[in-house]
Amino acid sequence: MTPHWILGPGAIGRLLAHSLSPIGDVTLVGRRALAEPQWLTTPEGERRPQRLNALTVDQMASAALPAPGFVHITTKAMAAEAALESISQVIPSTTPLVLWQNGFLAQPRITQAWPGPVLNATTTQGAYLSGDAEVVHAGRGHTFIGDLHNRHPALAKTLVQTLAQAGFDATAVDDIRQRLWQKLAVNAAINPLVALHGVHNGELRGAEYSGRVASVITEVAMILQAEGIQPPNAGQGDAAWRALVWQVVDNTAGNKASMLQDVEAHRPTERGAILGPLIESAKHHRLPCEVLQALDSELAALEASYLSPH
């Protein structure tokens, strides 16, 4: 039975742990101890307890666990590299990693730096934490698995089979880079605006915000074209990206985006992972990115208002 370590007990990390624990050897790793038992609320509203094997990073060195078959890194994007570094001394450098981060910041860096295989996951599974002892599986989605250079297709298929046993609808793909950039485009058009204005996703349809959403999409579409990323659903240019963004807005109308959750909890946002790669790419290709830079500056100021010592 392949051991799975899950590094980062946030919403997706705990959902993975709850899902994989009944079928395998799972260890959930965090910076602090978790309450016991942990609870899972299913999309149907069923609430059930489960005792997860959870250890702190400090306990890993003396835990004498079998070497993991996969290490899933489910932290926020800006914490992924430090999280990996915190356990790098207790896992073989050939261990396959699975990155579950938003954006396109951690994925290329860790792929380049880690000697072993690095898979990337992009998922539409909906989950959020309710207190310290419960994760709510808010909606079932689909998960795509692959690596940036398409060197490990067999490994991706193996992981997909395991996820399927755990109840995750998943597919191994050879174009994960395209899919990560596509999700990044959608996140850039939705997350910063809802975080800045404290609104649910569906409210972006209103006249107050829809024009700015369109301005973001215009910049992003040019950047992705320069990066060689195909428009979604075999469409053309801006129109295809607009259709995708508004479809996601409608499908998630009642959702509170993760970036808004971070602002409300006075945590750092993932602006660097979502807006950063787009702004960097725009500068590289000498493309305009004033709208994206303005969003980044506004989010930086908002973060500073609650993170800076007063």
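**Figure 1. Helix α1 is mostly covered in this predicted model.** Helix α1 spans residues 11-20, and nine of its ten residues are buried. The buried residues begin with Ala 11, Gly 13, Arg 14, Leu 15 and Leu 16, and they continue with Ala 17, His 18, Ser 19 and Leu 20.

**Figure 2. Strand β8 is covered on both faces.** The strand runs over residues 118-123, and six of its six residues are buried. One side carries Val 118, Asn 120 and Thr 122. The other side carries Leu 119, Ala 121 and Thr 123. The residues on both sides are all buried.

**Figure 3. Strand β8 pairs with β7 and with β11.** Strand β7 covers residues 97-99 and runs parallel to β8, joined by three bridges. Val 98 has Leu 119 of β8 as its bridge partner. From β7 the chain crosses through helix α4, residues 106-113, to reach β8. This β-α-β crossover is right-handed. Strand β11, residues 142-146, is antiparallel to β8, and four bridges join them. Here Asn 120 stands opposite Gly 146 of β11.

**Figure 4. The largest nonpolar core has 44 residues.** Leu 204, Leu 278 and Leu 292 have the most contacts inside this core. The elements giving two or more residues to this core are α6 (176-197), α7 (207-226), α8 (237-251), α9 (258-264), α10 (271-284) and α11 (290-307). Helix α6 gives the most, with twelve residues. Another core, of 25 residues, lies apart from this one. Its members include Val 135, Ala 156, Val 160 and Phe 168.

**Figure 5. A close-up of the contacts of Leu 292.** Neighbours within four places in sequence are left aside here. Beyond them, Leu 292 is in contact with Val 216, Glu 219, Val 220 and Ile 223. Leu 275, Leu 278 and Ile 279 are also in contact with Leu 292. Leu 292 and Leu 278 are both among the residues with the most contacts inside the largest core.

**Figure 6. Trp 100 and Phe 168 form one of two aromatic pairs.** Their ring centres are 6.4 Å apart and their planes stand at 90°, so the pair is edge-to-face. The pair links distant parts of the chain, 68 residues apart. Trp 100 lies in the loop between β7 and α4. Phe 168 lies in the loop between α5 (153-165) and β12 (169-172). Trp 100 is buried, with a relative accessible area of 10%. Phe 168 is buried too, at 3%.

**Figure 7. Phe 104 and Trp 181 form a tilted pair.** Their ring centres are 5.0 Å apart, with the planes at 40°. Phe 104 comes from the loop between β7 and α4, whereas Trp 181 belongs to helix α6. The pair therefore ties together parts that are 77 residues apart in sequence. Phe 104 and Trp 181 are buried.

**Figure 8. Arginine charges sit over the rings of Trp 39 and Phe 144.** The charged end of Arg 47 sits over the Trp 39 ring, 4.1 Å from its centre. The charged end of Arg 179 sits over the Phe 144 ring, 4.0 Å from its centre.

Notes: Residues are numbered from 1 along each chain as its sequence is written. This is a predicted model: local features need pLDDT of at least 70, side-chain atom pairs count only at pLDDT 80 or more; totals for chains, interfaces and linings use all residues. Side-chain values use heavy atoms; hydrogens and water are left out. Buried means under 20% relative accessible area, exposed over 50%, partly exposed in between (1.4 Å probe, protein chains only). Two strands pair if DSSP finds at least two bridges between them. A crossover is right-handed if, with the strands pointing away from the viewer, the path from the first strand over the helix to the second runs clockwise. A nonpolar core is a set of buried Ala, Val, Leu, Ile, Met, Phe, Trp, Tyr and Cys residues joined through side-chain atoms within 4.5 Å. Contact means heavy atoms within 4.5 Å. Rings of Phe, Tyr and Trp (its six-membered ring) pair if their centres lie within 6.5 Å; planes under 30 degrees apart count as stacked, over 60 as edge-to-face and the rest as tilted. A charge sits over a ring if NZ of Lys or CZ of Arg is within 6 Å of the ring centre and within 35 degrees of the ring normal.
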